[in-house]
Amino acid sequence: MLEDTSFAIHPGQNLATEHALYQDVGSITSIQRRNGGVTFTCERAYVHLQFYRSDIIRVVMDRAGLPELNSTPAVVAHPEEVDFTVEETEDRVQITSDRLVASVEKKSFRLSVFTPDGQELVGEGNRGIGFKETGEVICFKKMEPEDRFYGFGEKSGFLDKRGESLTMWNTDVYAPHNPETDPLYQSIPYFMALRNGRAYGIYFDNPSKTTFDLKTEKETYSFKGESGKLDYYVLAGAEPKDVIEQYTHITGRMPMPPKWAIGYHQSRYSYESEEEVRALAKTFKEKEIPLDVIYLDIHYMNEYRVFTFDQDRFPNPKKLVEDLKEDGIRIVPIVDPGVKKDPEYDTYKNGVWNDHFCKYLEGDLYFGDVWPGVSAFPDFTDGRTRRWWGNLHQFYTDLGIEGIWNDMNEPAVFNETKTMDTDVIHKHDGDPKTHRQLHNLYGLLMGKATYEGLERNLDGKRPFLLTRAGFAGVQRYASVWTGDNRSFWEHLQMSLPMCMNLGLSGVAFTGPDVGGFAHDTNGELLTRWTQVGAFTPYFRNHSAIGTLYQEPWQFGEEYETIIKRYIQLRYEWLPQLYSLFYEAHTSGLPIMRPLMLEYPSDPKTYGLYDQFMIGDNTLVAPIMQPEVTDRAVYLPGGEWVDYFGGTVYEGGTTHLVHAELDTLPLFVKRGTVIAKRPSGKRAKEEQQELELHAYAHTKGNYETIVYDDDGETTKYRRGEAMKLGISIECQEDQVAISIKNELEWSLPYKKCSFVLHGLEDHQKVRINGEVQSGVWTEQGLKVDVTTES
Ligand code: GLC
């Protein structure tokens with residue numbers, strides 16, 4: 001405990017930089033083309049450069065011999081054949097593809113990467129690649145004064161991480177979540193650097209404890225691993241969006257979520273009985289507050305045994321699931337990895353009998369304390385165990401359950417180190433390694449086991465998985481919530497840059513516990529937080545045992561009315577959000593975006609953390625302080641329409657905006673389109689109307705895709721989907737829209753129409769070439785369209 005006292009800054013502490021303790025790989029003695037790449041033999045190590053695509057190059061160092069080119073399970077890409085040339089001069093080796101130039105200094109191995117037109121992306125540092133005899137590896141790179149750093153997965157603090165040192169070691173942090181609290185639950189050893197509008201990325205494929213140091217030295221940053229390989233990918237950008245595309249090419253993209261998973265979710269640690277859950281569902285129904293999911297936290301189980309129900313509290317789970325589904329509400333139960341030690345409990349007995357649990361090298365089982373008391377932990381690094389665990393989920397799917405919540409999967413253990421002993425050995429599909437070497441993979445692989453198990457059991461339906469812990473690539477299996485936050489305004493503020501950086505790190509489906517988990521929320525905080533939640537990709541209200549209940553109606557009618565309005569707004573915006581989920585699925589781009597992603601050449605956006613964009617045309621600038629009803633909003637280039645009030649604002653500057661408690665400052669860019677439903681009421685898809693809202697302008701072109709499918713099955717993978725390609729061309733005298741269904745799937749709507757906002761008197765509206773008369777409504781000119789291609 002001494003480190004929690006002033007002893008931490010005792011003058012006797014050794015503050016000397018440890019960077020000097022690393023040995024450099026030394027000068028290059030020979031080079032050789034190998035496996036579609038180039039191997040450098042250096043004085044003290046081998047370094048291999050391998051193209052994955054012409055814009056992605058992998059760098060692997062090994063001291064012992066030619067580097068093995070195996071990867072962690074985060075990596076799903078395989079190297080493509082790339083045309084490249086190798087040129088050697090006296091001092092350097094230059095490797096050139098059509099998208100990048102990698103230049104290596106021979107005197108001592110230093111790598112820099114340039115765009116084909118000679119602009120520096122990654123600069124070499126005053127040191128290169130190093131290692132210690134004890135197994136640590138490090139890489140240094142140049143840092144220019146104007147460089148900004150984003151990504152790093154789930155980190156508290158502001159958006160730009162320059163000046164920080166960030167560690168990746170999945171950790172259960174109940175408290176505190178401060179700006180300096182690091183590490184948290186997820187480890188994504190990846191970042192994007194931005195220099196004057198040009199970006200590159202680095203993904204460090206190492207699942208041990210890794211650290212990114214952007215603070216110790218002025219002109220150099222470093223990333224290091226406590227064990228394992230120095231194995232990293234340079235993603236050559238050069239736009240920030242390109243970097244995300246490249247990163248998610250390497251680590252994968254999210255599947256389409258079931259539509260119900262992007263609605264509103266209600267949770268509590270815990271709704272403790274069937275009656276309580278039924279009463280909750282009934283209240284939502286009576287109050288006409290749309291709801292898609294109710295969570296069952298740990299109390300549903302028989303003494304916290306996973307894959308069981310407590311017979312007294314939940315006597316008939318199947319009927320409960322069935323009845324709620326009638327009302328369109330899904331049940332999502334929590335599943336933790338700790339399996340209670342009890343020889344008469346099947347999961348434990350079979351797990352031990354069939355050798356599924358983590359062990360020490362010598363053969364003893366590892367036991368740790370979690371909710372059920374002494375527990376064993378499945379070894380998810382073993383494919384056989386993943387399959388076993390996945391199949392166990394038939395217990396839930398047989399009850400009609402389609403979604404699972406994975407928690408405590410760092411893994412969290414109630415002890416001093418907060419996790420499993422680092423000398424536990426993992427089978428790792430035949431390549432055994434210690435927990436120290438693989439710690440950060442545990443949550444990812446639990447997610448993989450669970451997602452794939454659900455998929456096998458759901459017979460063509462899409463599963464939903466929520467996870468607390470993860471590693472690079474987690475987006476392929478799960479949605480991520482940001483763990484145990486508190487009902488503090490500061491935590492509402494902090495959730496924005498956290499989710500935005502997760503989004504920049506390939507994890508599009510994220511959100512915090514709305515209202516705050518621990519501590520007591522209040523009506524105003526819950527209202528403001530729900531306004532934000534309506535636009536975060538994952539939208540769940542969750543609170544801890546012993547805190548005030550925080551369902552939408554708990555703080556009186558005034559708050560309830562506004563909260564209900566924003567939950568409905570979420571449902572009105574579902575077509576737009578779903579289309580953005582499709583973009584995340586196809587290109588990796590996040591739904592919730594920092595402004596710098598859309599406006600990388602505008603320095604005003606580089607540090608902006610308290611506003612965000614939804615897609616490329618909607619800007620959310622929430623109020624996140626008590627009793628505040630005005631705030632400064634930076635609107636980037638273009639003109640912006642206040643969504644609720646209709647006022648048009650000039651972009652490229654900051655405005656003072658007024659927003660009473662019932663108003664979320666929300667802006668749509670002129671000259672663009674958003675897809676909505678006219679009503680936030682829950683209704684079957686075929687009864688819905690699709691409304692395409694065009695915000696008219698007098699100049700500019702815009703293109704977008706409105707995507708839809710059955711929202712439930714995996715048929716979309718075979719092209720059973722709707723892709724409306726929409727383009728809008730605004731001129732002084734007309735707004736010309738073209739709309740085309742790019743796939744042969746019949747539209748699932750009762751009706752489809754355009755609503756034109758802010759049309760000038762003299763502007764005509766053309767749709768697919770035809771002048772339209774339409775009907776004037778309060779919002780603007782409404783024109784019904786048929787969308788047959
Ligand atoms: C952890 C989770 C929290 C959950 C609780 C009980 O603290 O982060 O969301 O409610 O465990 O399962």
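Visitor: How do you know that H10 and H11 meet?
Guide: Contact means heavy atoms within 4.5 Å. By that test, Gly523, Glu524, Leu526, Thr527, Thr530, Gln531 and Gly533 in H10 meet Tyr559, Ile562, Ile563, Tyr566, Ile567 and Arg570 in H11. This is a predicted model, where local features need pLDDT of at least 70, side-chain atom pairs need 80 or more, and totals for chains, interfaces and linings use all residues. Residues are numbered from 1 along each chain as its sequence is written, and side-chain values use heavy atoms, leaving out hydrogens and water.

Visitor: Is the pair H10 and H11 roughly parallel or roughly antiparallel?
Guide: Their axes come within 9 Å and cross at roughly 10°. Roughly 10° is under the cut-off, so H10 is roughly parallel to H11 (under 35 degrees is roughly parallel, over 145 roughly antiparallel, 65 to 115 roughly perpendicular, the rest oblique). The axes are lines fitted to C-alpha atoms, for helices over the stretch in contact, with angles from 0 to 180 degrees between N-to-C directions.

Visitor: And what do you call the pair H9 and H10?
Guide: The axes of H9 (residues 489–504) and H10 (residues 523–533) come within 10 Å and cross at roughly 10°. These two are therefore roughly parallel as well. Trp489, His491, Leu492, Ser495 and Leu496 of H9 touch Glu524, Leu525, Arg528, Trp529 and Val532 of H10. That contact divides into six nonpolar, two polar and two charged residues.

Visitor: What makes a residue part of the ligand's surroundings?
Guide: One of its heavy atoms has to lie within 4 Å. Those around the ligand include Tyr269, Asp297, Trp371, Asp407, Arg468 and His542. By class, this shell has seven nonpolar, one polar and four charged residues.

Visitor: How do you know which side chains make polar contacts with the ligand?
Guide: You look for a pair of N or O atoms within 3.5 Å. A polar side-chain atom of Asp297 is 2.5 Å from a ligand oxygen, so the pair qualifies. Asp407, at 3.0 Å from an oxygen of the ligand, and His542, at 2.9 Å, pass too. The protein covers 97% of the 310 Å² of accessible area that the ligand has on its own (Shrake-Rupley method, 1.4 Å probe).

Visitor: Where are the cis peptide bonds you can show me?
Guide: One joins Gly237 and Ala238, with omega about 10°. Another joins Tyr269 and Ser270, where omega is about 0°. Ser270 sits in the loop between strand E21 (265–266) and helix H2 (274–286).

Terms used: Helices (H or I, at least four residues) and strands (E, at least two) are DSSP runs, numbered from the N terminus. Ala, Val, Leu, Ile, Met, Phe, Trp, Tyr, Cys and Pro count as nonpolar, Asp, Glu, Lys and Arg as charged, and the others, Gly among them, as polar. A polar contact is a pair of N or O atoms within 3.5 Å; within protein, one must be able to donate a hydrogen and the other to accept it, and residues adjacent in sequence count only if both atoms are side-chain atoms.
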